[in-house]
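Visitor: Could you walk me through the largest pocket in this one, and the sheet that goes with it? I'd like a close look at that part.

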Amino acid sequence: VTAMPSSLKGFKRIIPVTDEMLRQSAIDLSSTIQAALVRWMSLRVDAALFAGTGDGKTEVKGLLSQPGTTQHSVTGSLTVDGVREAWAKLLKLHVDVKSLRLFVTPEQLSAFLGEKDGDGRPLMQPDVTQEATWSLYGVPVIVSDSLPAGKAVLADMSKVAVVRDIQQVDVLKEALALRGMVGLRVQARWD
C-alpha cells in the first residue's frame, strides 16, 4: 500500500559542529544537539500539520487546508462559547465526540482559563487526576504554539492520518571535513 507519494518533500536540517567542539565539550554534546534537532523537527511538523498549504503531492497539506473541513468563524477572540458553537456544528454532522481534540494556542488557553460562569467559578477546570491536562465540554484541550495566529482546531482525530517516512539522523563527515567539522543531519517526510 502506497500511503505517501514519493514526490513529497521532506523536512531536512544540518547542524555543523566543529571537531574541537566535540572534543572539548564538558557536557554530552551529542544529546544536546539531538534534542535541538528533535525540537526543530517537532516545530516544523506541527506547523505543517495545522497550516501546511501544499498540494499533498510535493508539499504537506495541513488540517486547515484539507477539502471537506468545516470552518467556524467567531467574531473577535475565541471564547468558550465559540468552542461550544463549533462543537454543536460537529454534533449536527454526527461526529464521534470521543475522538474530538481541541488544539489551541497558549494565549487562547490562558483566555479560556480566565472565563467565569455567572457565580464567578472558572468555566475550565483542570483534571485533578492528571498532570496539567485540560478539557472543555469533555474534549481534551491540547496546547500548541504551532497554530496560525487567531486559529484553533477542533478535530475528530479518528479521521486524521499522519504518515511518515523513517526519520533518521546521519553524521556527515565528508561534506564539512575541509573546515574541520562534521554535520548532523535529520530528515523525515510527513503527510
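Guide: A bit of vocabulary before we go in: Ala, Val, Leu, Ile, Met, Phe, Trp, Tyr, Cys and Pro count as nonpolar, Asp, Glu, Lys and Arg as charged, and the others, Gly among them, as polar. Keep in mind, too, that this is a predicted model. With those classes, the lining of the largest pocket splits into 25 nonpolar, 14 polar and six charged residues. The space inside comes to about 1200 Å³. Of the 45 lining residues, Leu63, Thr69, Val153, Leu154 and Ala155 are the closest to the pocket's centre. As for elements, α2 (29-51), α3 and β5 each give two or more residues to the lining, and α3 has the largest share, with five.

Now for the sheet. It's an open one of four strands in the order β3-β4-β2-β5, with mixed pairing. β3 (134-136) and β5 (153-156) sit at the edges with a single partner strand each, so one side of each has no neighbour in the sheet. On average, neighbouring strands are turned by 35 degrees against each other, direction ignored. For β5, the partnership with β2 (residues 100-104) is antiparallel and runs over four bridges; leucine 100 stands opposite aspartate 156 of β5.

Two helices pack on this sheet. Helix α3 (residues 80-92) touches β2, β3, β4 (139-143) and β5, and its direction makes about 25 degrees with that of β5. Helix α4 (residues 106-114) touches β2, β3 and β4, its direction making about 105 degrees with that of β2. So much for the tour: α3 and β5 link the two topics, as α3 packs on the sheet and touches β5, and both give residues to the pocket lining.

Note on methods. Residues are numbered from 1 along each chain as its sequence is written. This is a predicted model: local features need pLDDT of at least 70, side-chain atom pairs count only at pLDDT 80 or more; totals for chains, interfaces and linings use all residues. Side-chain values use heavy atoms; hydrogens and water are left out. Two strands pair if DSSP finds at least two bridges between them. Axes are lines fitted to C-alpha atoms, for helices over the stretch in contact, and angles run from 0 to 180 degrees between N-to-C directions. Contact means heavy atoms within 4.5 Å. On a 1 Å grid over the protein atoms alone, a cavity is a set of points where a 1.4 Å probe fits but cannot get out, and a pocket is an open set with protein on both sides within 12 Å along at least five of seven lines; lining residues have an atom within 4 Å of a point. Grid points are joined across faces, edges and corners, and a volume is the space filled by probe spheres set on the points.
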